[in-house]
Amino acid sequence: MNKHAKIYVAGHRGMVGSAIVRLLKTLGHTHIIEKTHAELDLTDHNAVRSFFESEHPDYVFMAAAKVGGIYANNTFPADFIYTNLTIQNNVIYESHRIGVKKLMFLGSSCIYPKFATQPIDESALLTGALEPTNEPYAIAKIAGIVLCQSFNRQYGTQFISVMPTNLYGLNDNYDLKTSHVLPALIRKIHEAKVAGAKEVEVWGTGKPLREFLYADDLADACVFLMHTYTDSSIVNIGTGVDITIADLAKEIQDAIGFKGRLVFNPAQPDGTPRKLLNVSKLTSLGWKAKTPLSRGISLAYQDYLNS
Ligand code: GDP
């Protein structure tokens, strides 16, 4: 991927896509193709076809997806499976048709079985039942992985797939109904502090364990793998460290300086009990996460305050 290669970052306005674009620009890439949703509707196959035929990108980062937290996934399952299947089918198929040199498909750690052995190795894929709250989303992502692998087998394409853990960072979604836990808690705790509230509700029991990766670290891993990785088998991207939701909430509380109480609401779902990726494959390839959670939280909080 030389500095003048044409690189299409699908989903460049999202947290992940924008982090990839930021990094590519810093690295001196001069030909990055960005299309807003209004300019290119990825669910419209004809529009995607004409885009690929006219732009002919050399490299594609497939970071466009309909994403959301536990509430959104549980409430809009049809939207999550249908939209993701459609946009990834369109982008992957048209990348094949025009002969894209290399495509990276971004999956998710929720593709793994609910009770997978922890930390979760790449080989756990398709070895057990999924977590019901996000099964439709996970099945779309699994289909995307198998689609890439199948094109590689049948047509000799180079479509690689990476599985990021739970992400947070600049440009995150702070809508409390659709966001993930980390941005949701930043917003709830900040608003409680400003309002002088005595307590903040944290969903579930606080016991589930999650791993959190700063989006700019993910972008760094993606660009690293785009340069170095050529195999069809999936690669986990994470920090290798997890934390309980209760401890995460405390850490965010300290960063924001909220003096009230955190109240857990077990009426809300916990989701999968633990989600920690085994990142030994990525480590052995030569990449490690750089941003500690405490620093990432303060960068994300600053970004929230500025937005
Ligand atoms: P998940 O990793 O797919 O389960 O997605 P989330 O990031 O939405 O949720 C992770 C965990 O955080 C779950 O156990 C939630 O119940 C818990 N959680 C606690 N408070 C919140 C909140 O305000 N919003 C969200 N989305 N999750 C929360």
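**Note on Ser-18 and the cysteines**

1. The side chains of Ser-18 and Asn-171 are joined by a polar contact of 2.9 Å. This comes from a predicted model, so please read the distances below as computed from it.

2. Ser-18 sits in helix H1, which covers residues 15-26. Its side chain also has a partner in the backbone: a polar atom of the Ser-18 side chain lies 2.6 Å from the backbone oxygen of Gly-14.

3. Is Ser-18 buried or exposed? Ser-18 has a relative accessible area of 9%. The cut-off for buried is under 20%, so Ser-18 counts as buried.

4. Leaving aside residues up to four places away in sequence, Ser-18 touches Gly-11, His-12 and Asn-171. Asn-171 therefore appears twice for Ser-18: in this list of contacts and as the side-chain polar partner at 2.9 Å.

5. Now the cysteines. How many disulfides does the count give? The count comes to zero. A disulfide needs two cysteine sulfur atoms within 2.5 Å.

6. Take Cys-110. The closest cysteine sulfur to its own is in Cys-222, 16 Å away. That is too far for a bond. Cys-110 is buried, at 7% relative accessibility.

7. Cys-148 also fails on distance. The closest cysteine sulfur is again that of Cys-222, at 13 Å. This too is too far for a bond. Cys-148 has a relative accessible area of 0% and is buried.

Key: Residues are numbered from 1 along each chain as its sequence is written. This is a predicted model: local features need pLDDT of at least 70, side-chain atom pairs count only at pLDDT 80 or more; totals for chains, interfaces and linings use all residues. Side-chain values use heavy atoms; hydrogens and water are left out. Helices (H or I, at least four residues) and strands (E, at least two) are DSSP runs, numbered from the N terminus. Buried means under 20% relative accessible area, exposed over 50%, partly exposed in between (1.4 Å probe, protein chains only). A polar contact is a pair of N or O atoms within 3.5 Å; within protein, one must be able to donate a hydrogen and the other to accept it, and residues adjacent in sequence count only if both atoms are side-chain atoms. Contact means heavy atoms within 4.5 Å.
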